[in-house]
Each structure stands twice: as structure tokens, then as C-alpha cells.
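Visitor: Please pick one part of this structure and go through it closely, then place that part in its surroundings. Keep to what can be checked in the coordinates.

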Amino acid sequence: MKKIRNIMFFMLILKSLIIQSVSKSFIEQKSKINYNKSIPIQKFDINHIYIDNLWKKNIWNPKKIFFWKKKITHKIIKKTLIITNIDANELRSRINNLNQKSQIKILKYNTIIHASVESYLRMGKYIGKIISLSNFYFPMFEEKLEKYRIPKELKYIAIIESNLNPTITSKSGAQGIWQFMPKTGKIYNLHINNIYDERNDPFKSTEAACRYFKYLYNKIGNWELVLAAYNAGPSTIDKIIRLHNKKDFWSLWNFFPKETKNYIPKFIAINYIMNYYKEHNIQQPLYSHFRIRFNDTVLIPIKEKISLKSFSSEFNISYKDLMFLNPQYLVDIITPENGDKYFLRLPKGKISILKEK
């Protein structure tokens, strides 16, 4: 017992000596500090905290961490604020400027159009995607419109109709980038069967749209009313014109169906957005499909039964890209028979691989 007390006494003395030593060192160090010198404050790094938390949650998946790190860094550091409103005088001036360059001279300013412009601006990120898609499709659209001597601005109709989505279907059954109904599609040689729907084919449907625009203009002779007829149908617009004995869109505005009332304002708004998106900080996302232009693709004939999925794997083209270029196909297995001719659209760079095989 006495031995234990001696050990405890010794430990207390040792502890006391250690405390004295540390205190002396601290006092000496404190006396050397220059209190007039500013001490840098560490910045509060939100991004670092996010990454740290993600790392703890996903410690067994470093690839996932890298992906999320890139994503979060982009959101926090590179995010830009989209300007969703615009002064009336500024918008009027810009629209007048566009109208001076326009081939159809229907671009004008009013409060309805102003509201339509700001409505599209609120869709900023989505508009950015449409702009990227336009880089792919518009050169082909313009080529076709020029062939039929139709104003190039009519390419913007495809944005109103489908947001440049070649496989979209409306509630009424209209299909494709230019939203053809089955009956109208057949009139303009857009074939539909169990294997493909040519209303989804951007090239063939654009050809059909140009022919339809030409027909409507020859019939009506007024581009504003041509666009209204494209939306509501020529018979509807013809009845309104005959009933009110006028041929001006804005004079007849109150008599149009609701959707048609908004059609010209949307058309003018899209004209504005596509020309002034940079002024509103709208950015284009980068998609692999848009590294090429439509005119950098070629058609190859399908001579035997193929699976599109197998084809994409064999020729090193992603299935997603293959279907992006060939949205007309409704099935994976394509079997040419009864004299039917089927084609695949591919990037020109893939043709050499096909020849080798």
C-alpha cells in the first residue's frame, strides 16, 4: 500500500513539472508574437465542403466523386445569371433592326410580343439546348428554304412546332420536327409504316414543309397569314379572311383560335432570342451529336436485314448518336423486302470504316 502511494506521489510531481515546462514555452512564444501584424483569414470554401461530404458518402467510388466534383464546380463557379427581362425601348429597337434585315418584314414590336420574348427568356437553359440543336439542323433547313425561294426565317417555325425534336408527337397526332398530320404528310410524300415514319425524318420532312409553305403562300400571299395557316390549317384561315374581308394578321387577331393568336408573337420572339441570346447570357451546352453538321452526313443504303443496335456496336458509333441521325426508324430490326428501300444517315467519317468491312 505504501508502495502505491509513493508511485502516485511521483506521478503528481512529474505532471507538475511537465505543466511548468509547457507554460514556460508558451509564454516565451507569446512574447515573440507581433500583434500589429495582420493574420490571414482562411476563406470559407463551400465547394470544398460539398466535395468533402460527397467523398465521405461515396468513398468507395472515386470515379463518381470526380464526376460530381466537376459538376459542383461548374454550378458554383461558372454559373451565369440569365437576363430574363428587357426594356421595351431596347426590345423595340432590336426587333426593328431584325426586321430591316428580314426577308418577310413581319417583325414588329407590341406588348404581346414583349411578353412572348420574356416567356422564352425564362426558359433560358432549355433555349440553350435548342440553339445547340439549331447548329446541327439549320444549315440543312436554310439550304432547302433557299431551293424553294422561301424566306430563311421560316426555319424558326420548327422551334415553335417541336423545339427541334424530330420524334415529338402532339395530342392531335402531328409528328416530327415540322409536326405533320398523317393526312398532310401523305400529300407531301411522307410515308408511314411499321418500320419508319418519314415525318420524323428531318431531311424529308423539311422538304415537305418547304413545299407546303410554297403552296400556302401561293394561296394566301401574306407571310403572317401563311404562318397562321400552318398552325390552324388553311381552311380555318380562309374562312376568317372571307368572313371579315381582311388580310392582316393583327386586324384579324381577335378572330383566330387561341393557339394561332400566339403563333406570330412566338415566331417574332424566337427570331429575337436566336439572334440576341448572348446578350441575355444564354449559353449553349455541348452535346456529342452537335460536333458535326447535318450536311456532314451521308446516306447509305440498307441492303440486308440489320439490327441498329448491333450496327452501332460493330461500326463504333453510339446507339444514341445513330438514332439521333435516324429518328425515322420505329424498330431496331430493319428488313428490306418487297422492293422497299431503306437508308441510314451516318457521319461522313464512318464511311471509310464501312468500306473496310
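Guide: What follows is a close look at helix 10, then at the pocket and core around it, and then at some other sites.

This is a predicted model, in which local features need pLDDT of at least 70 and side-chain atom pairs count only at pLDDT 80 or more, while totals for chains, interfaces and linings use all residues. Residues are numbered from 1 along each chain as its sequence is written, and side-chain values use heavy atoms, with hydrogens and water left out.

Helix 10 spans residues 223-232; helices here are DSSP runs of H or I with at least four residues, strands are runs of E with at least two, and both are numbered from the N terminus. Of the 10 residues of helix 10, 9 are buried, so the helix is largely enclosed by the rest of the structure. Buried means under 20% relative accessible area, exposed means over 50%, and partly exposed lies in between, with a 1.4 Å probe and protein chains only. The buried residues of helix 10 are Trp223, Glu224, Leu225, Val226, Leu227, Ala228, Ala229, Tyr230 and Asn231. They pack against helix 7, helix 9, helix 11 (234-244), helix 12 (258-261) and helix 13, where contact means heavy atoms within 4.5 Å.

At the N-terminal end, helix 10 is capped by Asn222, with a side-chain oxygen 2.9 Å from the backbone nitrogen of Glu224. Such a polar contact is a pair of N or O atoms within 3.5 Å; within protein, one must be able to donate a hydrogen and the other to accept it, and residues adjacent in sequence count only if both atoms are side-chain atoms. After helix 10 comes Gly233, with a positive phi near 100 degrees.

Two residues of helix 10 deserve a separate description. Tyr230 and Trp178 have the most contacts inside the largest nonpolar core, which has 72 residues. A nonpolar core is a set of buried Ala, Val, Leu, Ile, Met, Phe, Trp, Tyr and Cys residues joined through side-chain atoms within 4.5 Å. With neighbours within four places in sequence left aside, Tyr230 is in contact with Ile157, Glu161, Trp178, Phe180, Ala209, Tyr212, Phe213, Leu216 and Tyr263. A second, separate core of 17 residues includes Ile306, Phe315, Met323 and Tyr342.

Asn231 counts as buried because its relative accessible area is 19%. Its side chain makes a polar contact of 2.8 Å with the side chain of Glu259. Beyond four places in sequence, Asn231 touches Glu259, Thr260 and Tyr263. The C-alpha atoms of Asn231 and Lys261 are 9.9 Å apart, with their positions 30 residues apart along the chain.

Asn231 is also among the residues nearest the centre of the largest pocket, along with Glu161, Gln179, Glu259 and Tyr263; the lining has 27 residues in total. The volume of this pocket is about 710 Å³. On a 1 Å grid over the protein atoms alone, a cavity is a set of points where a 1.4 Å probe fits but cannot get out, whereas a pocket is an open set with protein on both sides within 12 Å along at least five of seven lines; lining residues have an atom within 4 Å of a point. Grid points are joined across faces, edges and corners, and a volume is the space filled by probe spheres set on the points. Helix 10 is one of the helices that supply at least two lining residues each, the others being helix 5, helix 7 and helix 13. Helix 7 gives the most, with 4 residues. By type, the lining has 13 nonpolar, 11 polar and 3 charged residues; Ala, Val, Leu, Ile, Met, Phe, Trp, Tyr, Cys and Pro count as nonpolar, Asp, Glu, Lys and Arg as charged, and the others, Gly among them, as polar.

Helix 9 (residues 202-220) holds Thr206, which counts as buried because its relative accessibility is 1%. A polar atom of the Thr206 side chain lies 2.5 Å from the backbone oxygen of Pro202. Residues up to four places away not counted, Thr206 touches Met140, Phe141, Lys144 and Trp178.

Past helix 11, the loop leading to helix 12 contains Asn245. Asn245 is exposed, at 71% relative accessibility, and has a positive phi near 55 degrees.
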